[in-house]
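Q: I would like a close look at a single part of this model, followed by an account of what surrounds that part.

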Amino acid sequence: MADEAQPDPDSLQIPGDHLSAPSSPATARNDCSITPLTPLPSLRVEVRPRMSCPFSVVVAIDFGTTSSGYAFSFTQDSEAIHMMKRWEGGDPGVANQKSPTCLLLTPELKFHSFGFAARDFYHDLDPEEARHWLYFDKFKMKIHSTSDLTMETELEAVSGRKVRAIEVFAHALHFFREHALKEVKDQSSSVLEGEDIRWVITVPAVWRQPAKQFMREAAYLAGLVSPDCPEQLLIALEPEAASIYCRKLRLHQVLDLSLQPITNGLDLEGSRPFESSFRQAREQLRRSRHSRTFLVESGTGELWSELQTGDRYIVADCGGGTMDLTVHQIEQPQGTLKELYKASGGPYGAVGVDLAFEAMLCQIFGEDFIKSFKAKRPAAWVDLTIAFEARKRTAAPGRANALNISLPFSFIDFYKRQRGQSVEAALRRSNMNIVKWSSQGMLRLTQEAMNELFQPTISNIVKHIEELVAKPELQGVRFLFLVGGFAESPMLQKAVQRAVGRTCRIIIPHDVGLTILKGAVLFGLDPTVVRVRRCPLIYGVGVLNRFVEGRHPRDKLLIKDGREWCTDILDRFVCVDQSVALGEVVKRSYTPARLGQRKIIINIYCSPSEDVTYISDPGVRKCGTITLDLPEPLQLPGAVGGEGGGGGAGGAGGPERREIRATMQFGDTEIKVTAVDVMSNRSVRASIDFLAN
């Protein structure tokens, strides 16, 4: 069609006969009106030496699915990591180093509270009144599960009302900002300004680029940093942060499961439960927590003295929402880390056990009843989930007695009103023999029932670990560090030990739930500690190349200004699982479609498959847009105008084409873009937008 051949006025076009490697996925041919001016080597290294941290303090926020927290360190005393103050509220007898990730908005959509305060206030609301409030719990998973994440993506509160997800996340981050700033200022003898603080936010390594950008946008909206100073905010990958902290561990700070062979939940002598030493370690930790200040090694810990150059290890981050696997190799003597295999994992966290419990309730009482109860008695539903969470943490392999879970009175009453019979009768009718009823108003879950709830999630985690350990390129892995909140579960510990305990040592830090948080602080103090990462996807842009008969399909032919072009070619920047070092960049040169153009738009595509040539190939999707704002060009003597595609840059007609040299950097946790307008030698502001679907 004629209109398909018209170039997008805001895109790039290469006029000359220079060809790039095939590349570009597009359904609309207007997406592909660019072509490289000159072929350049894919990767070049611009070494960035370790620099002293330009900030006075680093504040890290571990934004978890089930619980969240913050910690900070002053750069003048970087061996001390200060944990956040104890939270108001909470559960009796529990040291609350983190707060539940739940947020409460008023009926007018104003922020009310976060964490224990939100949970407790919502619990105390009258049922009718609670229906008008917006309570969000475990909402982080939405960001991972939404394939077309945008700034307009919505979250649904327990009551069913919806609000933009970016606003919910911004409210939570603003809450942490206020708490952290107050505590930092209380402990600082000098006056701190906003620009003195570097912020770090943790995200799962398996998150895609749009989700990482979403967290950055939420941080801007929350006022953590300004978009004008993006370097003040770092996005840390959760298993990577854990790995950084594990470098510092001393032998007395870990539980080594390989030293504890088990049989049916007991050690070989059968003298004490499998998890008892872990409980003792936690008790010691709890007694010492009044200081809330943790000291880390200035160098690397004793555990690392056993590692030699080239040794590799796995970090399995098992959190509330996801499990993340990363493989690192330590580089001696500098102690930097090199990622050996792209991050893998998926939505297999402790929340999976909660969902299995909800499915069990639906099986017993009916899916329609549970849905109605959640909508009409939302606070009571939260009570039930809290009761299950507390009992879930005590589940252990080989446990003989059943776990009792209190049903709220309103659940028992609501069921009788709705169905005209008792919950006990419903339980008998369901024929679910693994769940009993206690006359005290409790569900009694047998060991078999708990195994059923845990097994699907744990099986997925173990399967991923086994597949990773079995890869030929990962033979000889010496350690597996089990971290994250779910790693506290004896059920998971035993399953992982049985699966891979004979092939590598399984190490669990004593303060396993805080490992990521502490590592995130260390990452903020020195972001160069991870020197090499792996790219999880192919990234590239859609370009035009000269059409070659017999090599390119006819349906890709595009005739423009009398020249034959092949459209929809994917020009690759990096490949799947490509090793990219800190400071490695990809550079490309482009030219605007017409002189005087003030804005250029380049569409970015990605694919998990290596076997792609065109942006229209299966599995290729548009994942982002680079927008280049150009300053007014400097008029050069003898420059020739014209908007056509003829005449190469630097050809006989003179330098009539403006060259934009774009640089994409992949070695960090986020993709970064810079560009230079060669004609004027001025830097061009470039932003990459993965949320503009």
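Where is Cys504 found, and what lies around that position?

A: In this predicted model, Cys504 is found in the loop between helix 15 (490-500) and strand 24 (505-509). Cys504 has a relative accessible area of 6% and therefore counts as buried, the cut-off being under 20%. Leaving aside neighbours within four places in sequence, Cys504 is in contact with Val477, Arg478, Phe479 and Leu480. A further spatial relation involves Ile314, which is 190 residues apart from Cys504 along the chain, while the C-alpha atoms of the two residues are separated by 9.6 Å.

One of these contacts leads to the nonpolar interior: Leu480, in contact with Cys504, is listed with Phe365, Val435, Leu445 and Ile465 as touching the most other members of the largest nonpolar core, which has 96 residues. The largest share of this core, ten residues, comes from helix 14 (residues 447-470). Leu445, another residue of that list, is in contact with Phe357, Phe388, Ala402, Leu403, Ile405, Ile434, Val435, Met450 and Leu453, again leaving aside neighbours within four places in sequence.

Phe388, one of the contacts of Leu445, is also in contact with Asp354, a residue found in helix 9 (residues 351-365). With the same exclusion of sequence neighbours, the other contacts of Asp354 are Lys138, Glu389 and Lys392, and the side chain of Asp354 makes a polar contact with the side chain of Lys392 (2.9 Å). Asp354 counts as buried because its relative accessibility is 15%.

Note on methods. Residues are numbered from 1 along each chain as its sequence is written. This is a predicted model: local features need pLDDT of at least 70, side-chain atom pairs count only at pLDDT 80 or more; totals for chains, interfaces and linings use all residues. Side-chain values use heavy atoms; hydrogens and water are left out. A nonpolar core is a set of buried Ala, Val, Leu, Ile, Met, Phe, Trp, Tyr and Cys residues joined through side-chain atoms within 4.5 Å. Buried means under 20% relative accessible area, exposed over 50%, partly exposed in between (1.4 Å probe, protein chains only). Helices (H or I, at least four residues) and strands (E, at least two) are DSSP runs, numbered from the N terminus. Contact means heavy atoms within 4.5 Å. A polar contact is a pair of N or O atoms within 3.5 Å; within protein, one must be able to donate a hydrogen and the other to accept it, and residues adjacent in sequence count only if both atoms are side-chain atoms.
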